[in-house]
Each structure stands twice: as C-alpha cells, then as structure tokens.
Amino acid sequence: MNDLQTVVDDARAAFELATTPADLENTKAQYLGKSGRITEMMKGMATLPVEQKKTRGAAINLAKQAIEAALNARRLALADAELQAQLQAEALDVSLPGRQRGQGGLHPVSLTLERIEAIFGSMGFEVAQGPEIESDWFNFTALNTPEDHPARSMHDTFYVEGGTETAPNLLRTHTSPMQIRHAVQHVKRHRRQVEGNATAEGLFAGVMPEIRVIAPGRTYRVDSDATHSPMFHQCEGLWVGENVSFKDLKFVFTDFCRSFFESNDLVLRFRPSFFPFTEPSAEIDIQFSSGPLAGNWLEVAGSGQVHPNVIRNMGLDPERYIGFAFGMGPDRLTMLRYGVNDLRLFFDGDIRFLSQFR
Ligand code: DAH
C-alpha cells in the first residue's frame, strides 16, 4: 500500500535527521506514539469491513516493524557516534614525546669554584671549608683588625643575636678567618705528629709541612647594588712556610689567572694597598691584551704578605714563618669570564639565565 510505504520512508528520513538520542525519541513519537501516524492508521481500521481489516492490519504491522527496525538502527548509529566522539575527546596521543625531567646544570659560580679548586689543587693547595657564622675573634681580632676598624661597624657587618666575642656573633664578612682556623688546625696536627714520633728519632725532624690552602665559600656584607650582593662568594688563599715570598705570590697568582681565563694574553699589576692582616698589601689587577675587556685594569683580588701578628695568632713564630695570602671574588671572576654585567643575575634563580651555563 502506497500510504504505508510513504510513512515508512518519511520515518526513515526523519530518523536520519535526528542528531541526538533525545531528538530521535521525539521523532519516534510522531510515528509510533499515542497519536503517531501508525497509531492513527490502526485506529482508522475500525471502520473497515472484517476482510479488509486482516490485510490492512498485517500491512500496518509490517510498516510498523520496518519503522522500529529503522529506529533501532538509528539508535545504534547515534550511540556509536556518541562513543566515538567521547573517545576522540579523551584521546591520548601516545606518540607525543614524554615530559622529560629537565636537564640540570651547575650554577655559573659553582663552575668557577670548581675551576679555582682544580687549578689551585694542581699547585698543591688543599681546600678548606669553614663556618659562615663566625666570631669576632676569627673574623677581625685574630686578623689584626683594630677594635675601631670601620668594617666592624653595623653598616658593613651582619651581626647575629646572642653571640659573644669568642662565640659566633656575626656572618663572616670575608673568608680570611679561614686563614686562622686552618693554620691553627694545621699547626696542632703537626704538633701531635711530632709528639707521637718523639721516640722515633730522625723520622720527624720537627719541620712543619708548609700551609698551602684555599678556602672558598659564602660571605656577607650589608651591601646591595648591581655589583654588590649581601651574600657573595670569596676564595681565600694562604701559603705559609719558612721561605715563601711575594715572588711566589706573583708566580702563583699569574699562573692561576692564565689558567682560569685560558689565556696567556693577560698581565698582572700589584697595586699597593692596605689590609690589617697583611704587610705589605696589594690589590691584584689584571689586564687582557685582546678580547672585549682589553686595555682595562680589572681588580680581582686583595693580597699581601701575612702580618706577623696574624702569623702569631696561627700559633707560629713570625721570626721563622712567613707567607702570603690573598682573597679573591669568584662572583667577579665569573662575570669577567662569561661577560655578565649584573651580579644580581647570579642570585635571582632565573632559569633562562642559568640554563645558558649548562
Ligand atoms: N679579606 C679581604 C677582603 O674581603 C681580601 C683580602 C685581602 C684577603 C688581602 C687576603 C689578603 O687574604 O691578603 O676585602
């Protein structure tokens, strides 16, 4: 029957147009619902003669089955589409490269400290570490620094609460206290050895091995601008023996600078200066003859011949022992080596800056 075929075709077309399950159920009602077209046709049979009722009923049933089949097919198709969409939305691209653990690297100042230790190590220097919270004695007094020295003032030194003259009461303003700490230990160790060997004659003539040490570390001063940070680094150097002179200082430091900057194109200048713990004292300046820094004298360290009072505070006889000391700034050396113009970059922790030194 033509009218039935039309209804089936209409239903199929309408189901195709439904894009969601809810849409589809609404459309279904137009055909199979209480007042849907098929239902209406069933009702319309009431007026037919009995013979026609049979054939009409069977035909309507076939049409209804065809519509139900189309409905179910569309239901499955929509459910499948929904599943596909969901899978797509939650898709994992397993071919994407994994999130890598970032590759770390040493801080530029650490690189410099490693270099300094390696170079001085090759010249027979030990490396010593000491406390950053220091006492007045080691930081100033033992280093021949007078009571009224300006460095002791609150303007330069961070004092901590609760300290006394001999107990830690300040943040060390330089690594120079390590001269005293290390020398005292060195002398003690030597004396113990001498006592231990007192009976083994000749084995130990009592000649103390030379003190040859560097002491790198953090230091603190009340200071902050593009070239000063309240926390900065220093590296102390000390060489004391019976026959160590300024000539050795000049040789050692020149050798160090040339190794550190990987250049023989540089000269050193020892500029007379003053430090309480050395006499005579000198600032060490370097000058490159080529490269971006050529022609400028750059200050890299303080130095001098260790003052007799300091030798005495090490527990040694200044009539017999003599030597030199120096204190340099690894931060400054790092800036010169890499062409960095603001010290604060080292301590800001900006990965973009730091990763350049990997
Ligand atoms: N401690 C000095 C400072 O912080 C640097 C220094 C100068 C260290 C001369 C020395 C030295 O060992 O001999 O400015």
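Let me open with a question: does Ala 70 count as buried or exposed? Keep that in mind for a moment while I set the scene. What we have on screen is a predicted model, so please take every number I give as computed from that model.

Back to Ala 70, then. This residue lies in helix H4, and at 16% relative accessibility Ala 70 counts as buried, because the cut-off for buried is under 20%. What else can we say about its surroundings? Ala 70 and Asp 9 are separated by 61 residues in sequence, and their C-alpha atoms are 9.8 Å apart in space.

Now let's step back to the whole chain. The assignment gives us domain 1, residues 2-89, and domain 2, residues 108-357. How far apart are the C-alpha centres of domain 1 and domain 2? The answer is 95 Å.

On the way from helix H4 (50-89) to helix H5 there is a loop, and Asp 93 is found in that loop. With a relative accessibility of 45%, Asp 93 counts as partly exposed. Its side chain makes a polar contact of 2.5 Å with the side chain of Ser 95.

Next, the aromatic residues. The count of aromatic pairs comes to 18. Let me show you one of them, Phe 125 with Trp 239: this pair is edge-to-face, with 5.8 Å from centre to centre and 85 degrees between the planes. Where do these two sit? Phe 125 is in the loop between helix H5 (108-122) and strand E1 (126-127), while Trp 239 belongs to strand E5 (residues 231-241), so the pair ties together parts that are 114 residues apart in sequence. Phe 125 and Trp 239 are both buried.

A second edge-to-face pair is Phe 260 with Phe 261, at 5.0 Å centre to centre and again 85 degrees between the planes. Phe 260 and Phe 261 are buried too. These pairs belong to a cluster joined by ring pairs, whose members include Phe 120, Phe 125, Trp 239, Phe 260, Phe 261 and Phe 326. Please remember Phe 326, as that name comes back shortly.

There are also charges over rings. The charged end of Arg 115 sits over the ring of Phe 260, 5.3 Å from the ring centre. Likewise, Arg 181 places its charged end over the ring of Phe 138, here at 4.1 Å from the centre.

Now for the ligand, which I suspect many of you have been waiting for. How many residues surround the ligand? There are 15, and the closest are His 174, Ser 176, Arg 221, Gln 234 and Glu 236. The side chain of His 174 has an N or O atom 2.9 Å from a nitrogen atom of the ligand. Glu 236 brings a polar side-chain atom to 2.6 Å from a ligand oxygen. And here is Phe 326 again: one of its backbone N or O atoms lies 3.3 Å from an oxygen atom of the ligand. Taken alone, the ligand exposes 350 Å², and the protein buries 90% of that.

One last stop, at Gln 287, which is found in strand E7 (residues 278-288). Gln 287 has a relative accessible area of 19% and is buried. A polar atom of its side chain lies 2.9 Å from the backbone oxygen of Gly 295.

That's my tour; thanks for listening, and I'm happy to go back to any of these spots.

Technical notes: Residues numbered from 1 in each chain as written. Predicted model: local features only at pLDDT ≥ 70, side-chain atom pairs only at ≥ 80, totals over all residues. Heavy atoms only, no water. Domains from an automatic or database assignment. Phe/Tyr/Trp six-rings, centres within 6.5 Å; stacked < 30°, edge-to-face > 60°. Helix = DSSP H or I, 4+ residues; strand = E, 2+ residues; numbered from the N terminus. Buried < 20%, exposed > 50% of the residue type's maximum accessible area, 1.4 Å probe, protein only. Lys NZ or Arg CZ within 6 Å of the ring centre and 35° of its normal. Near = heavy atom within 4 Å. Polar contact = N/O pair within 3.5 Å; in protein donor to acceptor, adjacent residues only side chain to side chain. Areas by Shrake-Rupley, 256 points an atom, 1.4 Å probe, with all protein chains shown as cover.
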